[in-house]
Amino acid sequence: MATEVTVSREGLATLEFVEGLHDAIAELSTRAPHVSEGDLTLFALAVIEIATNIAVHGPKGDEDIALSVELSAGEALRATLRDNAAPLHFDPQAQTMVDALAESGRGLAIAAAVCDELAVERRNGNIWRLTRRLETEPGA
């Protein structure tokens with residue numbers, strides 16, 4: 001049984017903050033060596049896609065959006081992203097991949113595809129929960 005490791009970051013939902021999440025994911029990887037590179041890469045993709053959507057679509061006008069991100073690794077990879085943006089009203093699991101020529105609109109569909117669980121709760125903003133169960137290594 002793997003020990004649970006947690007890495008957290010807080011700040012304003014900006015693309016610079018999202019870029020800094022790569023360092024948080026690298027820290028998680030260092031502290032949780034039992035996680036395969038493949039699992040971590042797909043998990044990171046989902047986390048970055050959701051955080052980018054919050055940074056790009058959350059703020060309205062000059063409004064600042066606070067974002068906290070908690071990443072954990074144990075028996076599964078989990079992320080909780082909390083923002084104080086206006087509550088979203090859609091089902092993240094119902095997102096489908098857009099046309100191949102579209103310039104945007106793939107983020108939620110990609111995150112849903114690489115996570116075993118993806119949910120958003122509306123409570124004083126939005127709380128995103130992502131889970132990716134770890135692949136078992138052959139012969140494990």
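## A buried asparagine and the sheet around it

At 1% relative accessibility, N126 counts as buried, where buried means under 20% relative accessible area, exposed means over 50% and partly exposed lies in between, computed with a 1.4 Å probe on protein chains only. This is a predicted model, in which local features need pLDDT of at least 70 and side-chain atom pairs count only at pLDDT 80 or more, while totals for chains, interfaces and linings use all residues. Residues are numbered from 1 along each chain as its sequence is written, and side-chain values use heavy atoms, with hydrogens and water left out.

N126 lies in strand β5, which covers residues 126-133; here helices (H or I, at least four residues) and strands (E, at least two) are DSSP runs, numbered from the N terminus. Leaving aside residues up to four places away in sequence, N126 touches L81, R82, D83, A85, A86, P87, L88, V120 and E121, a contact being heavy atoms within 4.5 Å. A polar atom of the N126 side chain also lies 3.1 Å from the backbone oxygen of A86. That pair can be read against the definition of a polar contact, a pair of N or O atoms within 3.5 Å, of which, within protein, one must be able to donate a hydrogen and the other to accept it, with residues adjacent in sequence counting only if both atoms are side-chain atoms.

One of the residues touched by N126 is D83, whose place is in strand β3. The C-alpha atoms of D83 and N126 are separated by 5.4 Å, although the two residues are 43 residues apart along the chain. D83 also counts as buried, at 6% relative accessibility, and its side chain reaches the backbone nitrogen of A85 at 2.9 Å. Again without residues up to four places away in sequence, the residues that D83 touches are I54, I65, A66, L67, N124, G125, N126 and W128.

N124, which is among the residues touched by D83, is found in the loop between β4 and β5. How does its accessibility class it, as buried or exposed? At 75% relative accessibility, N124 counts as exposed. Most residues other than glycine have a negative phi. Phi of N124, by contrast, is near 50 degrees, a positive value in a residue other than glycine, and it occurs in a hairpin with three residues between the strands. The two strands of that hairpin, β4 and β5, pair in the antiparallel sense over six bridges, where two strands pair if DSSP finds at least two bridges between them. In this pairing, E117 has T131 of β5 as its bridge partner.

The wider sheet is open and has five strands in the order β1-β2-β3-β5-β4, with antiparallel pairing. At its edges stand β1 (5-12) and β4 (117-122), each with a single partner strand, so one side of each is left without a neighbour in the sheet. From one strand to the next, the twist averages 10 degrees. Strands β2 (residues 66-73) and β3 (residues 76-83) run antiparallel and are joined by seven bridges, with S68 standing opposite R82 in β3.

Helices pack on this sheet. Helix α1 (residues 15-31) lies across β1, β2 and β3 and runs at about 170 degrees to β1, the axes being lines fitted to C-alpha atoms, for helices over the stretch in contact, and angles running from 0 to 180 degrees between N-to-C directions. Helix α2 (residues 37-57) packs on the sheet as well, touching β2, β3, β4 and β5, and its direction makes about 10 degrees with that of β3.

A further packing joins α2 to helix α3 (residues 107-114), at an angle of about 150 degrees and with the axes 9 Å apart. The two helices are therefore roughly antiparallel to each other, since angles under 35 degrees count as roughly parallel, over 145 as roughly antiparallel, 65 to 115 as roughly perpendicular and the rest as oblique. The contact is made by L42, L45, A46, E49, I50 and N53 of α2 together with G107, L108, I110, A111 and V114 of α3. Six of the eight residues of α3 are buried, so α3 is largely enclosed by the rest of the structure. These buried residues, G107, L108, A109, A111, A112 and V114, pack against α2, β4 and β5.
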